Amino acid sequence: MKIIVDADACPVKKEIIRVAGKHGLEVVMVCDTAHVISDGYSKVITVDKGSDSADFKIINISTPGDIVVTGDYGVAAMALSKGARAIGNSGTIYTKFNIDSFLTQRHISWESRKRGGKYTTFKKRKPEEGTTFHDSLVRLIESG
């Protein structure tokens, strides 16, 4: 089992390294050429800056049992289809039982924006989201 991180805009990279280190797990950070990551622990894979290039790399290297950390519902869905597990940056654990509702929500938002509707900006992270993420990641790791 390894932890694969959609690292371009991931706000919990340090927490992932901390938890992975305690559990002796490999971490792979995937980012595009617009980002530089060097944490001294994880393996970093840099891909060309292109539409979904990091997403496709994440899916290509994921295997059953891996944990994929991503804020992208599409990446989460593809990871689940490969037998990997997926968790969002706020600690939401994506499963075969809830991923469809997240994808539907994303589609409805896209349709609204396409018709000129308002879109929401990302809200500032709350301190409790870090705790939720930590607890969810540990639960995923320990459930094997």
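Salt bridges, cysteines and the sheet in a predicted model

Cys10 has a relative accessible area of 5% and is buried. This residue belongs to a predicted model, and the questions below start from it.

Reader: Is Cys31 buried or exposed?
Author: In this predicted model, a residue is called buried when its relative accessible area is under 20%. The relative accessibility of Cys31 is 0%. Cys31 therefore counts as buried.

Reader: How many disulfides does the count come to?
Author: A disulfide is a covalent bond between the sulfur atoms of two cysteines. For a pair to be counted, the sulfur atoms must lie within 2.5 Å. By this rule, the number of disulfides is zero.

Reader: How many salt bridges does the count come to?
Author: Side chains of opposite charge can pair when their charged atoms come close. Asp66 and Lys2 form a salt bridge through their side chains, and Arg18 forms one with Glu15. The count of salt bridges comes to two.

Reader: Which parts of the chain does the pair of Asp66 and Lys2 link?
Author: The side chains of these residues meet with an N to O distance of 2.7 Å. The pair, 64 residues apart, links distant parts of the chain. Both Asp66 and Lys2 are buried. The parts are the loop between α2 (53-61) and β4 (67-69), which holds Asp66, and strand β1 (residues 2-6), which holds Lys2.

Reader: In which helix do Arg18 and Glu15 lie?
Author: The closest N and O atoms of this salt bridge are 2.7 Å apart. Arg18 and Glu15 are three residues apart, about one turn of the helix. Both lie in helix α1 (residues 13-23).

Reader: Why does Glu15 count as buried?
Author: Its partner Arg18 has a relative accessible area of 46% and is partly exposed. Buried means under 20% relative accessible area. Glu15 counts as buried because its relative accessibility is 15%.

Reader: Which strands are the edge strands of the sheet?
Author: The sheet is open, has six strands with mixed pairing, and follows the order β3-β2-β1-β4-β5-β6. An edge strand here pairs on one side only. The edge strands are β3 (43-47) and β6 (93-94).

Reader: Which residue in β6 stands opposite Ile87?
Author: Strand β5 (residues 85-87) pairs with β6 in the antiparallel sense, over two bridges. Opposite Ile87 in β6 stands Ile93.

Reader: At what angle does α2 run to β1?
Author: Helix α2 lies across β1, β2 (26-32), β3 and β4. Relative to β1, the angle of α2 is about 170 degrees.

Terms used. Residues numbered from 1 in each chain as written. Predicted model: local features only at pLDDT ≥ 70, side-chain atom pairs only at ≥ 80, totals over all residues. Heavy atoms only, no water. Salt bridge = Lys/Arg side-chain N within 4 Å of Asp/Glu carboxyl O. Helix = DSSP H or I, 4+ residues; strand = E, 2+ residues; numbered from the N terminus. Buried < 20%, exposed > 50% of the residue type's maximum accessible area, 1.4 Å probe, protein only. Pairing = 2+ DSSP bridges. Contact = heavy atoms within 4.5 Å. Axes fitted to C-alpha atoms, helices over the stretch in contact; angles between N-to-C directions.
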